[in-house]
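Grab a pencil and take a slow look at the chain below. Try each exercise yourself before you read its solution.

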Amino acid sequence: MTRSFYLRMLVVVAVLALVMTAGGCKGKRLISQDEEIQIGHQAGDEFEAQYGRDHDLQIRAQVNKIGADIARAAKPPDYPYDYRVLADKQPNAVAFPGGRIYIFRGMVDAVDGNADKIAWILAHETTHVARQHAVRRLERQLGQQIAIELLLGEKKDMAKIAGAISGLVLMDYGRDNEYEADRMGMEYAHQAGYDPTAAVAVLKMFQEIQGREPNDFEIMFATHPGNNDRINHAQGYLEQQGWAGRYYSPESAD
Ligand SMILES: [Zn+2]
């Protein structure tokens, strides 16, 4: 769908970030937190422009309230979290580095506006930001490319670097990142006063929708771990934490 457009934008901002940082510090990070936020905002604006914001003020207010609760529970480093509803009927959600998080109207509708389920979805996306999954991956790609250039003794060729980065799909996180987001999402939701067992209900719903309309899932659920594995993992974590709730308790396990 809109990924290629988004990726082109990302390449531009990523190269900008490289230009901004390449001459600078020898430190640990290739991209500073400020740059990360800037990159995420630019990419988020482009992404948002393709869908537009949803105009239902009640839903926007609900997402803002739940998002603020989750943001307070999120672990440092602090980011300017900003939760927005996009006017699209796909059941989807996505996080941009630096704190811009989108939930699609179709996702809110798919869970019937259930606050516990929305909380876990937002918390899952918040974890991708808080744990810097996207920006770390971007840094690895940039770092590898710089290392290759140095080894080859070539002058830095921005077009080549851009080409290397274009292979990167930020939302495609990989299984460890997804499990972590599932787990910490439950933790944030629990801390924020929502029922963390909603994760199980949402994952089961994904499984159901994915079986029915696999092409609808491009962003949040282009998952590497299979849905069954994610459900088992989530249930295992809930048991380990001793958290039972409306959507799952160990005794109700099937
Ligand atoms: Zn995810």
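The exercises below go through this predicted model, from its overall layout to a single helix.

**Exercise 1. How many helices and strands are in the chain, and what pattern do they follow along the sequence?**

Solution.
- Start by counting: the chain holds ten helices and three strands.
- Next, read from the beginning of the sequence, and you get α-α-α-β-β-β-α-α-α-α-α-α-α.
- Finally, look at the contacts with a separation of 6 or more: 72% of them join residues 24 or more positions apart.

**Exercise 2. In what order do the three strands lie in the sheet, and which are the edge strands?**

Solution.
- The sheet is open, its order is β1-β3-β2, and the pairing is mixed.
- β1 (82-86) and β2 (93-95) pair on one side only, which makes them the edge strands.
- On average, and ignoring direction, neighbouring strands are turned by 20 degrees against each other.
- Now zoom in on one pair: β1 runs parallel to β3 (residues 100-104), with five bridges between them.
- Aspartate 82 sits opposite arginine 100 of β3.
- Helix α3 (residues 57-73) packs on this sheet, where it touches β1 and β3. The direction of α3 makes about 150 degrees with that of β1.

**Exercise 3. Which helix gives the most to the largest nonpolar core?**

Solution.
- A helpful rule first: in soluble globular proteins, nonpolar side chains tend to be buried together.
- Here, the largest nonpolar core has 51 residues. Those with the most contacts inside this core include Ile70, Trp120 and Leu122.
- Helix α5 (residues 115-130) gives the most, with eight residues.
- Take Ala119 as an example: leaving out residues up to four places away in sequence, Ala119 touches Ile66, Ile70, Ala189, Ala192, Tyr194 and Ala198.
- There is also a second, separate core of six residues, among them Leu30, Ala134, Val135 and Leu142.
- For the whole chain of 254 residues, 40% are buried.

**Exercise 4. What span should helix α9 (residues 198-212) have, and what covers its buried residues?**

Solution.
- Helix α9 has 15 residues, and at 1.5 Å a residue it should span 21 Å. The formula multiplies 1.5 Å by one less than the number of residues.
- Check the model: the end C-alpha atoms of α9 are 21 Å apart, so the two values agree.
- Next, find the buried residues of α9, which include Ala198, Val200 and Leu203.
- Last, look at what covers the buried residues of α9: α5, α8 (175-191) and α10 (227-241) are included.

Methods. Residues are numbered from 1 along each chain as its sequence is written. This is a predicted model: local features need pLDDT of at least 70, side-chain atom pairs count only at pLDDT 80 or more; totals for chains, interfaces and linings use all residues. A nonpolar core is a set of buried Ala, Val, Leu, Ile, Met, Phe, Trp, Tyr and Cys residues joined through C-beta atoms within 7 Å. A residue is buried if 20 or more other C-beta atoms lie within 10 Å of its own, exposed if 12 or fewer, and partly exposed in between; C-beta atoms are placed from the backbone. Helices (H or I, at least four residues) and strands (E, at least two) are DSSP runs, numbered from the N terminus. Two residues are in contact if their C-beta atoms, placed from the backbone, lie within 7 Å. Two strands pair if DSSP finds at least two bridges between them. Axes are lines fitted to C-alpha atoms, for helices over the stretch in contact, and angles run from 0 to 180 degrees between N-to-C directions.
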